[in-house]
Amino acid sequence: MSKKAILEVDGKRYEFPVLIGTENEIAIDIKALRGVTNGITTLDPGFKNTSSCESAITFLDGEKGILRYRGYSIEELADKSDFLEVAYLLIFGELPTEEQKLKFHRDIQKTSLVDEDIKKILDGFPKSAHPMGVLSALTSALTAFNPKSVNVESEEDMYRAICKILGKFPVLVAWAYRKEEGLPLAYGDNSLGYVENFIKMMFELPNEEYKMNPVVVDALDKLLILHADHEQNCSTSTVRVVGSSHAGLFASISAGISALWGPLHGGANQAVIEMLEAIKEDGGDYQKYIAKAKDKNDPFRLMGFGHRVYKNFDPRANIIKVAAEEVLADLGIDDPVLDIARGLAKEALSDEYFKSRNLYPNVDFYSGIIYRALGIPVPMFTAMFALGRLPGWIAQWKEMRLRKEPISRPRQLYIGETLRPFKSFEER
Ligand code: SDX
């Protein structure tokens, strides 16, 4: 394989190095392009063809439906690991020993109390505020209570900041939920596991003992693993871009939460359930919605379908589909929306429009059905995605800072007005 790429513009030839990754992906290194060509850039809206960085954290193969965290397959991790262990793997690069995992959990617990003054900010929100807006604001506010920005050169400082955000974020997610439900804010219980503690903070009632359901714990733990990282997706790229200006870890994650909120990204899990509910209200006529999704004059999209990278199946969707059926059976729930989801997916997957565009169910298509079965209200679905994605955001931010990546500052192709003289009112 020639290690050079040739570009010819106006009869001039330019050579660029070709890089080959550990999974044999190929990238043309155009770092020198603008300099050697006296100003030529590339244009790639949405960065569909552009690698923004080299990364050693997560590998995706969209054609083969492969997802691996630090070389471990998502199928094995979902089956054999737990969320705290996967968080350690993503952030530090290796699966923890038993004592490393215990210490990690203990260090997270020690920093999990949120300053009581954060409640004053939370009180300022209306009950109707969307949890993602609350979470982005409260996460950014954490910076005010932890003003010393992370010294990335200090392993200890970095570790402390990582434990802080992993400890406090679940509290903020639970508080955002309890604020919406009008429940007193809870502090959790350090005798519990990481995910169990979160569930208790979310659902415990002040007037009765909370009974933990292992089916709910396992299902949520698996969902969080499946959402933990996904290479350079929109919200992770946002965390890296904001962090590249040397903004702090909490501020960068707050920006990532806002990016995840969008219905084309993490907000899709809420949009999927709203779509399935609309179909149910509409008599279950999913053919009508498939026709709308295919109609170019109709902005409606089949939410939970399609993916920028997976042009075959999304391995996470396959795992979540099986988990959804198991959880509903274990909890004895017969959710007609799952039947609609199954029928809709079957119909779409046999339809030329979706097949020709490689549109398959993605991670968001079935996850909402499980969240709903676990008693999580729809507006909290994307907040659950954020809780899952937190370790990935941390890992990617840390990698970007430790690799001393330059500040992100793309160029553009200007297509506006050329130079023109100022006009007085009379001339306008
Ligand atoms: C996530 O990037 C990640 O890794 C994200 C994520 C993660 O873990 O971080 O996996 C999480 O965000 C999953 C995706 C959740 N979003 C949705 O489910 C929203 C619905 N899907 C889309 O809007 C869309 O598929 C995207 C945004 C996911 C991907 O869009 P692309 O890659 O930019 O593709 P595109 O918009 O250029 O569409 C290509 C064609 C178009 O038709 P043509 O112009 O070629 O005729 O496919 C059509 C689109 O109109 N199309 C759809 C469709 N998705 C794409 N048509 C109907 N329904 C859809 N869902």
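**Exercise 1: E4 and its sheet**

In this predicted model, work out in which sense E4 and strand E5 pair and over how many bridges. Then find which strands stand at the edges of their sheet.

*Solution.* Start with the pair itself: E4 and strand E5 (residues 66–69) run antiparallel, and four bridges link them. For a concrete spot to look at, take phenylalanine 59, whose bridge partner in E5 is arginine 68. Now zoom out. The open sheet holds three strands, in the order E4-E5-E6, with antiparallel pairing. Strand E4 (58–61) and strand E6 (72–73) each have a single partner strand, so they stand at the edges and one side of each is left without a neighbour in the sheet. As a reminder, strands of a sheet pair through backbone hydrogen bonds, either parallel or antiparallel.

**Exercise 2: the sheet with E1**

Find the order of the strands in the open sheet that contains E1, and say how many bridges join E1 to strand E2.

*Solution.* Three strands make up this open sheet; read them off as E1-E2-E3, paired antiparallel. Strand E1 (4–9) and strand E3 (26–28) get the edge positions; each has a single partner strand, so one side of each lacks a neighbour in the sheet. Ignoring direction, neighbouring strands here are turned by 30° against each other on average. Next, count along the E1 pairing: six bridges join E1 to strand E2 (residues 12–20), and the two run antiparallel. One place to check is alanine 5, which has phenylalanine 16 as its bridge partner in E2.

**Exercise 3: the second largest pocket**

What is the volume of the second largest pocket, and which element gives the largest share of its lining?

*Solution.* The volume comes out at about 240 Å³. The lining consists of 14 residues, with Asn146, Lys148, Ser149, Val150 and Lys164 nearest the centre of the pocket. Sort the lining by element: helix H7 (155–181) and helix H11 (249–261) are the ones that give two or more residues. H7 takes the largest share, with four residues. Sorting by chemistry instead, you get six nonpolar, four polar and four charged residues.

**Exercise 4: around the ligand**

How many residues surround the ligand, and how far is an oxygen atom of the ligand from an N or O atom in the side chain of arginine 316?

*Solution.* The ligand is surrounded by 26 residues, the closest being His230, Arg301, His307, Arg316 and Arg389. For arginine 316, the side-chain N or O atom sits 2.6 Å from a ligand oxygen. Lysine 296 has a polar side-chain atom 3.1 Å from an oxygen atom of the ligand. Don't skip the backbone: an N or O atom there in leucine 264 lies 2.8 Å from a ligand nitrogen.

Conventions:
Residues numbered from 1 in each chain as written. Predicted model: local features only at pLDDT ≥ 70, side-chain atom pairs only at ≥ 80, totals over all residues. Heavy atoms only, no water. Pairing = 2+ DSSP bridges. Axes fitted to C-alpha atoms, helices over the stretch in contact; angles between N-to-C directions. 1 Å grid on protein atoms, 1.4 Å probe; cavity = no way out; pocket = protein on both sides within 12 Å on 5 of 7 lines; lining within 4 Å. Points joined across faces, edges and corners; volume = space filled by probe spheres on them. Nonpolar A, V, L, I, M, F, W, Y, C, P; charged D, E, K, R; others polar. Near = heavy atom within 4 Å. Polar contact = N/O pair within 3.5 Å; in protein donor to acceptor, adjacent residues only side chain to side chain.
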